[in-house]
There are 4 protein chains.
Amino acid sequence: MAAAAAWITRLNGQQTRDSLIDDVVTANHILAAQEIVDAFGHVSVRTAPGAGKYLISRSIAPAQVTAGDIIELDLDSKPAASEKRTSYRERFIHGEIYRVRRDVMSIVHCHAPALIPFGITKIPLRPVYHNSFFVGEGVPVFEIREAGGDTDMLVSTPELGRALAKTLGSKPAVLMRGHGAVIVGKSIIETVARSVYLEVNARVQAQAMAMGQRISYLNEGEVKKRIEDPDPYGRAWDLWKRQVTQAGR
Amino acid sequence: MAAAAAWITRLNGQQTRDSLIDDVVTANHILAAQEIVDAFGHVSVRTAPGAGKYLISRSIAPAQVTAGDIIELDLDSKPAASEKRTSYRERFIHGEIYRVRRDVMSIVHCHAPALIPFGITKIPLRPVYHNSFFVGEGVPVFEIREAGGDTDMLVSTPELGRALAKTLGSKPAVLMRGHGAVIVGKSIIETVARSVYLEVNARVQAQAMAMGQRISYLNEGEVKKRIEDPDPYGRAWDLWKRQVTQAGR
Amino acid sequence: MAAAAAWITRLNGQQTRDSLIDDVVTANHILAAQEIVDAFGHVSVRTAPGAGKYLISRSIAPAQVTAGDIIELDLDSKPAASEKRTSYRERFIHGEIYRVRRDVMSIVHCHAPALIPFGITKIPLRPVYHNSFFVGEGVPVFEIREAGGDTDMLVSTPELGRALAKTLGSKPAVLMRGHGAVIVGKSIIETVARSVYLEVNARVQAQAMAMGQRISYLNEGEVKKRIEDPDPYGRAWDLWKRQVTQAGR
Amino acid sequence: MAAAAAWITRLNGQQTRDSLIDDVVTANHILAAQEIVDAFGHVSVRTAPGAGKYLISRSIAPAQVTAGDIIELDLDSKPAASEKRTSYRERFIHGEIYRVRRDVMSIVHCHAPALIPFGITKIPLRPVYHNSFFVGEGVPVFEIREAGGDTDMLVSTPELGRALAKTLGSKPAVLMRGHGAVIVGKSIIETVARSVYLEVNARVQAQAMAMGQRISYLNEGEVKKRIEDPDPYGRAWDLWKRQVTQAGR
């Protein structure tokens, strides 16, 4: 019930600024504890439904983020004039996706090793179990060479951010060839949980494929029915938050 | 000796209510520590041999369960009228199996990643070593589409619970396609240990299969001889219980 | 230097009884921490070079063993008349190997998952790197069906213990089909380190084989040169002992 | 910014001796925590750009190294006459590489299991993602049999050290058949981070190869662009250092 309440509060955009900042800090710590990010990777939250601002850490490792490290950026991924600190070089991932995806309230960028093989081969991710049902909505692959030729692989300009957002389209996640992934959602709880279960899906799918037989994925009807679940991940957020809080991160 | 005594006490149904509740809490924590469950999954115990009631947590993550979270449900998976809290949406897994399996005293439901590949391919689990001998009794796969067409994959109705119980039949465990598994036993010690070693069996079998040669599984005679062991897992319960108690869960 | 001294002290049999008991307790904790054993498995040490007695824990999980749990057994794996406690059902593994292998001062029995695939297929373990060079001396596989027909898989009689010792022959380790492995050495340091690196070898060999190309194993000459190293593992024992001592096990 | 400053300080050789020793101790602990080394393996740092001396621990496990264990060796890998302690038998790896690679300021030697398969097959490591871009500069394999015939596999003489340095050439790392790897860099931060991401690259590449399709590696142009990044790993060093400091190692 606490979980459902938290979920609804976030969906309705009824959060104070302190609560939003707490969410971003918690999400950073959860993603590190779940090994979705290591020293690199980032997570942001939009300040309110429809708002043109988002909160993200300055450029440090997720496990080290505290409330004092959170910066507000606009959709051009620029801070207010008074802000002297800078965020991640790839902050444009966030700004450009928020610009075109009004439904998106939170974004994760990660380099989880299990996801890499699906970005560097032509094998599509497909949904292996109910917790990763959203994979059935489609997870496209961003080929940065098509957008920018030979680059340093980083989405470090607005142009590359826009190209990435275009490949993402209306999907829940996009893989980045030779780099990682971006995961989005209509709340920070959903985005973080999708990040965790996208990684599990990749590991399980690779293992199932190695067994050399036809695989029965969730079908379209099952994915649609799962989408109707109003709160598929609240219980996970509650647990993960408690775990990182107890660990004293 | 302590272990054997614990085992016999449970088999004879000579437990106080407090002891039963302590067992369910401990089992939740063990399953989380052994990574058989994550934020999701549940474990229950029948209140006494032949009884039409079982104990299970309200709807929270296994690692967070305390004695105060345990609810008593009947075989329709309904609590007493005075109980305001609800248990898991998939509680019918428990009620419907207890209804038809008089020998079952405890049930685990989990989504351990290593089990998923065997539910989404046609490759049967087979017993790779003595600790998972019970796999030799057979582990069928539940295809929820046959029972309910396209669903949200959850066993959230009595009808789906009955269909799952039917597929389980007299076996020690059943895989659920695109979802996870249900494991049963004649005591909570047996059910938890079977859950742990079912997962190990899946990992080892997948690894052995990847080596591309004929595999020598336990044969029928060996499985039968192992079944005669009166207490194959008591030592494991003792260790796991101590570990979760020390961890202060 | 401390390590080398420890190594020599053990090889020369210049240990007090308290020191031997401390070694067995430490070895139990190391094997648990290194995940070579779980709730099951055991380790023993011969009381002195050529002696007909060995020290082993009573029947509890390795991580729980303390000095007070250590029992002395003879080569028939029987304790003194005054001893009321019993050791593991598979204690005959130890007694029967000590009987025929005068060079062996310590024995480990484990069920490490990575070893199981090599016991249930016809693929021999071969040495992939210098730390597991002893694999090059040969690791045979014990098929208990040849010795006892269909059994409960346990080496729970003197006869089965003798059959296992015969398959082991003069080798450093023997795999047990559908069960696990037994590792021996001329000191407890060597036996524990061999247990750890046998497991690494199995994981690495399986991974290398999965890559589908010819593998270049250590050759006979290299294995022979490695055998001449007087103290290949002392540094590891020092580290592992400190780790389990600090963990307060 | 702290990270960038640390990076530049090291590149310019503006470190005090205490700071250098602290770096070596920290690097040892990071490599152990990241499971790049176990009880074996070592890391060194050159005392100053162009200097003919380097700092390395005496012969103990990396996790146990403290400031008091650090010894200074010359390019013949000999200590000052007053130094009674000895370093690792394979110290010649360090001395001989520093002798011919003026650009190298730090060296790691490890036996990470994931690297072994690429040393014992003919499959070259190739760069799977941006964090391991340096793999694209080439990672040759050292076959010790060509340099020394059948040996005990250890680089325990100046001659073998020179042969290894020759195979390394101008590359960032070299695999050693049936043994492990050596990783070099222009600062200790770079060398440690390369060690971590070389291991990730091996795991991911093996997984991608197992999926049986053409793999799209970083191309030459992308590798070149990544090389231009002045500080690709400072954030990782900051995090890892904090983690090992907090763990009280």
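Let me start with what does not touch: no contact, meaning heavy atoms within 4.5 Å, joins chain A and chain C, and their closest C-alpha atoms lie 10 Å apart. Chain B and chain D do not touch either, with their nearest C-alpha atoms 10 Å apart.

Before going on, the ground rules. This is a predicted model, in which local features need pLDDT of at least 70 and side-chain atom pairs count only at pLDDT 80 or more, while totals for chains, interfaces and linings use all residues. Residues are numbered from 1 along each chain as its sequence is written, chains are lettered from A and ligands numbered from 1 in the order in which they are written, and side-chain values use heavy atoms, with hydrogens and water left out.

Next, the symmetry. Copies are superposed by least squares on the C-alpha atoms of residues with pLDDT of at least 70 in both. A turn of 90° with a shift of 0.0 Å along the axis lays chain C on chain B, at an RMSD of 0.0 Å. That is the relation of a four-fold axis. Which residue of chain C comes closest to the rotation axis? That is C:Ala210, whose C-alpha is at 5.0 Å.

Now the contact between chain B and chain A. Chain B gives 31 residues to the contact and chain A gives 29 residues. The buried area, which is the accessible area (1.4 Å probe) that two parts lose on being put together, summed over both, is about 2800 Å² here, and carbon and sulfur atoms give 60% of that. There are three salt bridges between chain B and chain A; the term stands for a side-chain nitrogen of Lys or Arg within 4 Å of a carboxyl oxygen of Asp or Glu. In one salt bridge, the side chains of A:Asp229 and B:Arg89 meet at 3.2 Å, N to O.

There are also 13 residue pairs in polar contact between chain B and chain A, both residues at pLDDT 80 or more. A polar contact is a pair of N or O atoms within 3.5 Å; within protein, one must be able to donate a hydrogen and the other to accept it, and residues adjacent in sequence count only if both atoms are side-chain atoms. On the side of chain B that touches chain A, the elements giving two or more residues are α4 and α5 (144-148) of chain B. The largest share of that side, four residues, comes from α4(B). Helices (H or I, at least four residues) and strands (E, at least two) are DSSP runs, numbered from the N terminus.

One residue between chains B and C: B:Glu222 lies in helix α8 (residues 220-227) of chain B. Is B:Glu222 buried or exposed? B:Glu222 is buried, with a relative accessible area of 0%. Buried means under 20% relative accessible area, exposed over 50%, partly exposed in between (1.4 Å probe, protein chains only). The side chains of B:Glu222 and C:Arg145 are joined by a polar contact of 2.9 Å. Not counting residues up to four places away in sequence, B:Glu222 touches B:Tyr217, and from chain C residues including C:Ile144, C:Asp150 and C:Arg177.

On to the aromatics. Rings of Phe, Tyr and Trp (its six-membered ring) pair if their centres lie within 6.5 Å; planes under 30 degrees apart count as stacked, over 60 as edge-to-face and the rest as tilted. The count over all chains is 28 aromatic pairs. B:Tyr129 and B:Tyr197 make an edge-to-face pair, because their ring centres are 6.4 Å apart and their planes are at 65°. This pair links distant parts of the chain, 68 residues apart: B:Tyr129 is in the loop between α4 (116-120) and β5 (141-142) of chain B, and B:Tyr197 is in helix α7 (residues 188-210) of chain B. Both B:Tyr129 and B:Tyr197 are buried. The pair of C:Tyr197 and C:Trp240 is tilted, because the centres are 6.3 Å apart and the planes at 35°. One aromatic cluster is formed by A:Phe40, D:Tyr129, D:Phe133, D:Phe134, D:Tyr197, D:Tyr233 and D:Trp240.

Last, two backbone oddities. Most residues other than glycine have a negative phi. A:Met153 is not a glycine, yet has a positive phi of about 75°. A:Met153 sits in the loop between α5 (144-148) and α6 (158-168) of chain A, and counts as buried at 1% relative accessibility. C:Ser77, also not a glycine, has a positive phi of about 60°.
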